[in-house]
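The following exercises ask the reader to derive structural statements step by step. Please examine the sequence and the coordinates before turning to the solutions.

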Amino acid sequence: MTVPPPLRRIPADEAREQRRAHEERADALTAGHRERRRRGEKHPVEDFLFTYYPFSAARLRRWHPGAGVAYDAAADRDEYGESVIADLTEDGSRSWYVDVADGPTTWRHADVERFRTERASALGFIQRLLSSSTLTARRPEFGCFGLHEWAMVHGLRPGQQRHEDLPLRLGQEETDAVVEREQLVCSHLDAYRFFTPSAAPRNAITPSRERQVELDNPACLHVGMDLYKWAMKLGPFVDSALVLDCFEHARATRVLDMEASPYDVRPLGYGVVPIETPGGKAEYVRRQRELATGADALRARLLEQLAPLTADA
């Protein structure tokens, strides 16, 4: 049996070089997080992606060439025959990969058919979600002004907020007042579910998992950050360069998320986007538009790489 013609082949040396470059880039992006974890410290901005999403720095470091690409399996072992990757199984295969012998060479590629069979429901959901939340498929809404973070601390008493080491920029009373005089229009379930009991009824809608495909807003910061989640969930079927691009976008998005939040992040070296003022709202929307444009480009790339998984499915 030979590797099917549609698969692009990568020789061992090229695969090793691609893995090395990916691991170096991933290590640079996660160095601060790994060092803080070693010291038992947390950072509310830079460590957020590792607590909000169930993906470790080690998992982010794993190299995958993506669907439709086969590489020489020899690249997964060193000169002594020892595995150089974390997901090599005892029998010498690799999780979610299939090995195909072609003469003296074993070619390794992501097992699209197995994924389509075992993860059909998740695959269909991700494809529908990404397709429905492009800037061309759905009109972006820019009226939320990042108030989801404010709604997460509404009516709390001392000791109850998530980031107790960060002071509220306006204090609890004025923070509550901002929530009460503004209109809450959060459409993202995984942001809405952290609203306090006093803030949740103030939201214009009640997001749910069943309505996520219908409600995900292309301009929503959390929808943009979630591209990293979907890229990671698709695992070996998305090339690692795109995964890291999604990670970097999500991290940049988190900066605006916190600069526009009720927390004072200036001691951490960040700025303030005072969304309680007209000028702050305008600044938020300007940066939100830029992030939405960047997210849409990443979404298009994800959909392109999803094509081999969803073709004729």
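Three exercises with worked solutions follow, all based on a predicted model.

**Exercise 1.** Describe the overall make-up of the protein chain.

Solution. Step one concerns secondary structure: the protein chain contains 12 helices and four strands. Step two concerns extent: along the principal axes, the C-alpha atoms occupy a box of roughly 70 × 45 × 30 Å. Step three concerns burial: of the 313 residues in the protein chain, 52% are buried.

**Exercise 2.** Determine how many disulfides the structure holds, and consider C186 and C246 in turn.

Solution. A pair of cysteine sulfur atoms must lie within 2.5 Å to count as a disulfide. The structure has zero disulfides. For C186, the nearest cysteine sulfur belongs to C220 and is 6.1 Å away, so C186 is in no disulfide. For C246, the nearest cysteine sulfur is again that of C220, here 15 Å away, and C246 is therefore in no disulfide either. Turning to accessibility, the cut-off for buried is under 20% relative accessible area. C186 counts as buried because its relative accessibility is 10%. C246, with a relative accessible area of 0%, is buried as well.

**Exercise 3.** Which residues form a positive surface patch, and where is K233 placed?

Solution. The positive surface patch is made up of R59, R62, R119 and K233. Of these residues, K233 is located in helix α10, which spans residues 221–233. The final step is to classify the accessibility of K233: its relative accessibility is 42%, so K233 counts as partly exposed.

Methods. Residues numbered from 1 in each chain as written. Predicted model: local features only at pLDDT ≥ 70, side-chain atom pairs only at ≥ 80, totals over all residues. Heavy atoms only, no water. Patch = residues over 30% accessible without salt bridge, like charges linked within 9 Å, V, L, I, M, F, W, Y side chains within 5 Å. Areas by Shrake-Rupley, 256 points an atom, 1.4 Å probe, with all protein chains shown as cover. Salt bridge = Lys/Arg side-chain N within 4 Å of Asp/Glu carboxyl O. Lys, Arg positive; Asp, Glu negative; His and termini not counted. Charge placed at Lys NZ, Arg CZ, Asp CG, Glu CD. Helix = DSSP H or I, 4+ residues; strand = E, 2+ residues; numbered from the N terminus. Buried < 20%, exposed > 50% of the residue type's maximum accessible area, 1.4 Å probe, protein only.
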